[in-house]
Amino acid sequence: MSILDTSIAAASAAFTGVAAYGAWKASREANRAAWNANETATTVAQIEQERWHRELTPQLRIKLQADPHEVLYVRFEGPSKLGELHIELRIQDDFDGSRPPHLIGTLTPEQAAEAAEVIWGPYRFRPGVDDADALGRAVPAFPLLPGGRTRLAVDFSPRPSWYEGADGEQRWRDRYSTSPIRLLAICTVSGHKPWTLAFAVPQDGGWALGGA
């Protein structure tokens with residue numbers, strides 16, 4: 001092979017290599033652009049889905065009726081496009097933290113076990129009624145249509161055993177005489193993520209509102 005032929009072959013090989021590198025680089029850039037576009041589309045879709053989820057937040061009203069019997073009224077105001085809503089209610093303790101601060105270091109092991117089951121608030125669901133659990137802490141999910149309402153039986157929360165003496169019951173009542181009933185409502189509809197709404201239901205018969 002002549003020097004000219006060798007030079008032509010070398011130049012051709014170099015050109016082929018450059019072309020191949022250019023093609024690889026272009027392919028990589030195209031893949032990166034496609035990946036970025038996909039990520040952007042996914043992010044936009046997630047943002048839109050979260051916005052839609054917020055806009056569909058169930059609007060609930062809950063109130064306490066104490067006369068002639070203690071019941072909680074639960075009303076589902078909308079949005080109507082949700083259709084049938086399933087609502088689970090749980091009573092929350094009326095303090096922050098894992099246990100009442102004023103009781104730290106003062107309870108026997110037996111009392112500590114009892115304290116874990118105490119409902120630290122004015123009311124509980126009536127155990128065994130409306131499928132409420134044995135402690136009266138929660139009722140399982142029940143269905144409501146937009147504009148519909150139901151009522152759930154409640155009782156005064158039982159006093160702990162260390163509220164002793166003839167006035168023990170009254171002291172326990174006085175402790176929560178003006179405290180709201182703190183509730184969590186876990187709302188579910190087929191095809192949507194659940195919504196969790198917090199309520200502080202006053203004892204004066206006023207409505208507590210939840211949702212946007």
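The following exercises, each with a worked solution, walk through the strands and the cavity of a predicted model.

**Exercise 1.** In which order do the 5 strands of the open sheet lie, and which strands are its edge strands?

*Solution.* Begin with the order, which reads 4-6-2-1-9, with antiparallel pairing in this open sheet. Next, look for the strands that pair on one side only, and these turn out to be strand 4, covering 123–125, and strand 9, covering 208–210. Finally, consider how the strands are set against one another: when direction is ignored, neighbouring strands of this sheet are turned by 30 degrees on average.

**Exercise 2.** How many bridges join strand 2 to strand 6, and how many does strand 4 share with strand 6?

*Solution.* Take strand 2 first: its residues 71–78 run antiparallel to residues 149–156 of strand 6, and 5 bridges join the two. A pair of residues to find in the structure is Val-74 and Thr-150 of strand 6, which stand opposite each other. Then turn to strand 4, which pairs with strand 6 in the antiparallel sense over 3 bridges. Here the residue to look for is Tyr-123, whose bridge partner in strand 6 is Phe-156.

**Exercise 3.** Which strands are joined to strand 7, and where does a residue with a positive phi lie?

*Solution.* Start from strand 3, residues 85–91, which is joined by 6 bridges to the antiparallel strand 7, residues 181–188. Within this pairing, Arg-90 stands opposite Leu-184 in strand 7. Now move to strand 8, residues 195–201, which is joined to strand 7 by 7 bridges and also runs antiparallel to strand 7. Here Arg-182 faces Ala-200 in strand 8 as the residue standing opposite. As a last step, follow the chain from strand 7 to strand 8: the two form a hairpin with 6 residues between them, and Gly-191 in the turn has a positive phi of about 90 degrees.

**Exercise 4.** How many cavities of 30 Å³ or more does the structure hold, and which residues line the largest cavity?

*Solution.* The idea behind the search is that rolling a probe the size of a water molecule over the atoms shows where empty space is left. Applying the size limit, the structure holds 1 cavity of 30 Å³ or more, and the largest cavity has a volume of about 30 Å³. The next step is to list its lining, which consists of Ile-91, Gln-92, Asp-94, Trp-120, Gly-121, Pro-122, Tyr-123, Pro-180, Ile-181 and Arg-182. Sorting these residues by class gives 6 nonpolar, 2 polar and 2 charged residues.

How values were computed: Residues numbered from 1 in each chain as written. Predicted model: local features only at pLDDT ≥ 70, side-chain atom pairs only at ≥ 80, totals over all residues. Heavy atoms only, no water. Pairing = 2+ DSSP bridges. Helix = DSSP H or I, 4+ residues; strand = E, 2+ residues; numbered from the N terminus. Axes fitted to C-alpha atoms, helices over the stretch in contact; angles between N-to-C directions. 1 Å grid on protein atoms, 1.4 Å probe; cavity = no way out; pocket = protein on both sides within 12 Å on 5 of 7 lines; lining within 4 Å. Points joined across faces, edges and corners; volume = space filled by probe spheres on them. Nonpolar A, V, L, I, M, F, W, Y, C, P; charged D, E, K, R; others polar.
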